[in-house]
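Here is a friendly walk through one protein model, written for someone at the bench. Please keep the sequence and the structure open as you read.

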Amino acid sequence: MTNYDEYSSDYVPLKSENKSIIDERDPEFDEKEDYLSDFTPFTIEEPDFIEDGPRDAYADELSKGMRTKASSKATRKIIYRFIRWYGYWVLKWQEFIKRITSRQDKVEERQKELEQRYDEQISGNTDISEIIDARGGFKTLKGRLDDMQSKLENLNPTESVFTIKHNQNELVPIRVVTGINGLGVSPLGKEPTGLGGSEIMEIPSKPVYLSRNELSVLVPLKYKMKDPIVTRTASNEYLLVEGSRTLIITIGDENKANVETTI
């Protein structure tokens, strides 16, 4: 018997094998129960999630061949192919996990940096509720500041749009109203907001008296005009048009007005 035909000292024979192959190794082997003797059918069924789950055609062919091929040569080839197939996907998963881990490390590093910056920014605040109170019911502090800015642009008369010289020799009052696509701006019936355009409304205004016979008209930033077209519609009333917006400015007493205007 050659070295390749010798049985290992750990070899456990089938019960059907000839006792002569192990007589020299263990004369009392017959008295033992350590035979490979389970020839009952393998009855464990495949779980439904395997059958119903994602399938790989190549793996299916290997498993089918493992079950049906009778020759040891074919079985060894199937095992070889399966190990190669398994090794490929293990390496692919290792590569994928490595990329995900790298991204996660970068995310955690970024998160740590943001948390550190946040801690530094609020470290000087003794009470974070001050920031919440400053919102004044708005979701963010920026929202409240934007609202305040909008109100300032709509309510605070700071921009000069018209300078008027008159002969009333007094500090005359003024009134300014505005509208969009008003009469004289768009053809009748063609206004986007209907006949006559949008509703005329009075806006905050402020006179700056340059003298008893000259004043400058201030309006909120939202209503400022750069180069309006001016039309005198009454002795003390002027229509300013720029684009689709109009301003109507009325000064003092119509019966006294003899006005020289300057833009």
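E202 is partly exposed, at 48% relative accessibility; here buried means under 20% relative accessible area, exposed over 50%, and partly exposed in between, with a 1.4 Å probe and protein chains only. The partner of E202 is R175, and the two form a salt bridge with their closest N and O atoms 3.3 Å apart. Because E202 sits in strand β3 (residues 201-202) and R175 in strand β2 (residues 174-180), this pair ties together parts that are 27 residues apart in sequence. R175 is partly exposed as well, with a relative accessible area of 44%. A salt bridge here is a side-chain nitrogen of Lys or Arg within 4 Å of a carboxyl oxygen of Asp or Glu. Helices (H or I, at least four residues) and strands (E, at least two) are DSSP runs, numbered from the N terminus.

Before going further, please note that this is a predicted model, in which local features need pLDDT of at least 70, side-chain atom pairs count only at pLDDT 80 or more, and totals for chains, interfaces and linings use all residues. Residues are numbered from 1 along each chain as its sequence is written, and side-chain values use heavy atoms, leaving out hydrogens and water.

The confidence score, pLDDT, runs from 0 to 100 for each residue. Its mean over the protein is 77, and 70% of the residues reach 70 or more. Among the elements, strand β4 (residues 206-211) has the highest mean, 92, and strand β9 (residues 260-262) the lowest, 64. Where pLDDT is low, the predicted coordinates should not be read in detail.

Back to the charged pairs: the structure holds six salt bridges, and the table gives three of them.

| Pair | Closest N to O distance |
|---|---|
| R55 and E51 | 3.3 Å |
| D146 and K142 | 2.8 Å |
| E202 and R175 | 3.3 Å |

D146 and K142 both belong to helix α5 (residues 141-155), where they are four residues apart, about one turn of the helix. D146 is partly exposed at 40%, while K142 counts as exposed at 57% relative accessibility. In the R55 and E51 pair, R55 is partly exposed at 45% and E51 is partly exposed at 44%. Salt bridges with shared partners join E51, R55 and D60 into one network.

Which residues lie nearest the centre of the largest pocket? They are E46, I50, E51, R55 and S63, out of 19 lining residues. Helices α1 (48-52) and α2 (57-68) are the elements that give two or more residues to this lining, and α2 supplies the largest share, six residues. The space in this pocket is about 520 Å³. A pocket is an open set of points on a 1 Å grid with protein on both sides within 12 Å along at least five of seven lines, and lining residues have an atom within 4 Å of a point.

On the surface, Y88, W89, W93, F96, I97 and I100 make a nonpolar patch of about 630 Å². Patch residues have over 30% relative accessible area and no salt bridge, with nonpolar side chains joined within 5 Å. I100, in helix α3 (residues 72-122), is partly exposed at 37%.

I249, in strand β8 (residues 245-251), is buried, with a relative accessible area of 1%. I249 and V217 are 32 residues apart in sequence and 8.5 Å apart in space, C-alpha to C-alpha.

Technical notes:
pLDDT = per-residue confidence, 0-100. Patch = residues over 30% accessible without salt bridge, like charges linked within 9 Å, V, L, I, M, F, W, Y side chains within 5 Å. Areas by Shrake-Rupley, 256 points an atom, 1.4 Å probe, with all protein chains shown as cover. 1 Å grid on protein atoms, 1.4 Å probe; cavity = no way out; pocket = protein on both sides within 12 Å on 5 of 7 lines; lining within 4 Å. Points joined across faces, edges and corners; volume = space filled by probe spheres on them.
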